[in-house]
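Grab a pencil and work through a few exercises on a protein chain. Try each task yourself before you read the solution.

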Amino acid sequence: MRVTLPLMYGLTTRDILSKQDKISRLGRDIASGVRLHNPHDDPAAWARSLDLQQTLQRMERYQNNLEFAADMLSAADSGLNHSHDLLIRTTEIGMAANTLNSPEEKKAYVEEVDQILQELAQTVSTTVNGQSIFAGKPVWNDEDKKWEWEWARPSADPLQVTLEDGTQKVTVTCDLSSTIPDAMNALEALKRHIDNGDSSGISTALQSLNEAMEQLRSFSSTVGTRLTSIQRRQDALAALTAHRQEGLSELRDTDLLEAVSSLQTNQTALEAALKSSLVLKDLSLVRYL
């Protein structure tokens with residue numbers, strides 16, 4: 001192969017352009033902190049990064065579902081505990097009222113039970129993100145003079161959240177339709193019996209409240225178990241997400257130390273190539289004659 005000055009100059013020029021392009025890409029990678037901008041930067045790494053991004057998107061949806069479930073169950077747990085405390089206080093009032101009391105004391109007891117009644121109705125009507133945590137709320141039937149349950153959703157259709165691949169679901173509502181109306185009607189009866197001084201009626205109302213408290217404790221245990229399971233899933237998912245994000249970062253992000261070192265090396269090589277091109281450009285037979 002015959003090597004001529006034009007050929008040598010062409011090779012040097014292409015080498016210069018290649019180094020300039022590499023320096024430009026290194027500068028872009030350093031400035032952005034990302035080394036994968038296009039598939040041709042590293043086809044294999046690009047494909048793996050796409051897979052990881054899709055996995056992280058699925059995990060994010062899963063995390064959102066878990067957060068919603070945790071919020072609903074936490075609110076339910078708090079509401080059940082507070083409702084139970086309200087009934088305990090009502091029981092204390094009923095026991096105190098089931099003795100000889102002055103008219104003023106009876107009036108004070110009735111007023112406090114009425115306040116508890118309204119607070120209980122408000123507690124079990126709580127919603128999270130527009131969703132009823134107890135599947136509905138108590139409403140007063142003025143015609144029949146009693147509390148009834150108004151469903152937020154069809155009674156046979158509890159609110160559930162999908163987990164992982166969609167094959168698993170967790171119920172995040174707690175159905176109090178068979179507990180709260182009875183308890184609130186017992187509170188209404190308790191007010192009347194205290195006002196009338198009906199000892200037998202007070203005892204009957206207190207028995208109904210004890211049954212309601214037992215049911216609330218059972219619900220609280222179930223909700224607590226579900227919440228613990230959700231929290232364990234959240235912890236496991238957080239660790240797995242961090243691992244996937246670390247893997248994506250290793251594929252996509254720029255190694256600054258390596259990039260800066262490579263940039264300096266290529267800049268030095270470019271300077272040398274530019275000097276060589278100037279020498280080749282000035283070569284001619286005239287200078288040697």
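Below are four exercises, each with a worked solution.

This is a predicted model, so local features need pLDDT of at least 70 and side-chain atom pairs count only at pLDDT 80 or more, while totals for chains, interfaces and linings use all residues. Residues are numbered from 1 along each chain as its sequence is written, and side-chain values use heavy atoms, leaving out hydrogens and water.

**Exercise 1. Describe how H2 packs against H3.**

Step 1: Start with the general idea. Two packed helices are described by the angle between their axes and the distance between the axes.

Step 2: Find the helices. H2 covers residues 43-97 and H3 covers residues 103-123. Helices (H or I, at least four residues) and strands (E, at least two) are DSSP runs, numbered from the N terminus.

Step 3: Get the angle and distance. H2 and H3 pack at about 165 degrees, with axes 10 Å apart. Axes here are lines fitted to C-alpha atoms, for helices over the stretch in contact, and angles run from 0 to 180 degrees between N-to-C directions.

Step 4: Name the arrangement. H2 is roughly antiparallel to H3, a label for angles over 145 degrees; under 35 is roughly parallel, 65 to 115 roughly perpendicular, and the rest oblique.

Step 5: Sort the contact residues (contact means heavy atoms within 4.5 Å). They split into 9 nonpolar, 5 polar and 3 charged. For the classes, Ala, Val, Leu, Ile, Met, Phe, Trp, Tyr, Cys and Pro count as nonpolar, Asp, Glu, Lys and Arg as charged, and the others, Gly among them, as polar.

**Exercise 2. Now do H2 and H4, then zoom in on Thr90.**

Step 1: The axes of H2 and H4 (residues 180-196) come within 11 Å and cross at roughly 20 degrees. That makes H2 roughly parallel to H4.

Step 2: On the H2 side, the contact is made by Thr90, Ile93, Gly94 and Ala97; on the H4 side, by Leu187, Leu190 and Ile194. By class that's 5 nonpolar, 2 polar and no charged residues.

Step 3: Thr90 sits in H2 and is buried, at 0% relative accessible area. Buried means under 20%, exposed over 50%, and partly exposed in between (1.4 Å probe, protein chains only).

Step 4: Leaving out residues up to four places away in sequence, Thr90 touches Val113, Ile116, Leu187, Leu190, Leu206 and Leu209.

**Exercise 3. How many salt bridges does the structure hold, and where does the pair Glu150 and Lys137 lie?**

Step 1: The count is 7 salt bridges. Each is a side-chain nitrogen of Lys or Arg within 4 Å of a carboxyl oxygen of Asp or Glu.

Step 2: Glu150 and Lys137 pair at 3.9 Å, N to O. Glu150 is in strand E4 (residues 146-151) and Lys137 in strand E3 (residues 136-141), 13 residues apart.

Step 3: Check exposure. Glu150 is partly exposed at 40%, and so is Lys137 at 36%.

Step 4: Try another pair. Glu188 and Lys191 meet at 3.4 Å, N to O. Both lie in H4, 3 residues apart, about one turn of the helix, and both are buried.

**Exercise 4. Is Val161 buried or exposed, and what does it touch?**

Step 1: Val161 belongs to strand E5 (residues 160-163).

Step 2: Val161 is buried, with a relative accessible area of 5%.

Step 3: Not counting residues up to four places away in sequence, its contacts include Asn65, Phe68 and Ala69, as well as Val170 and Val172.
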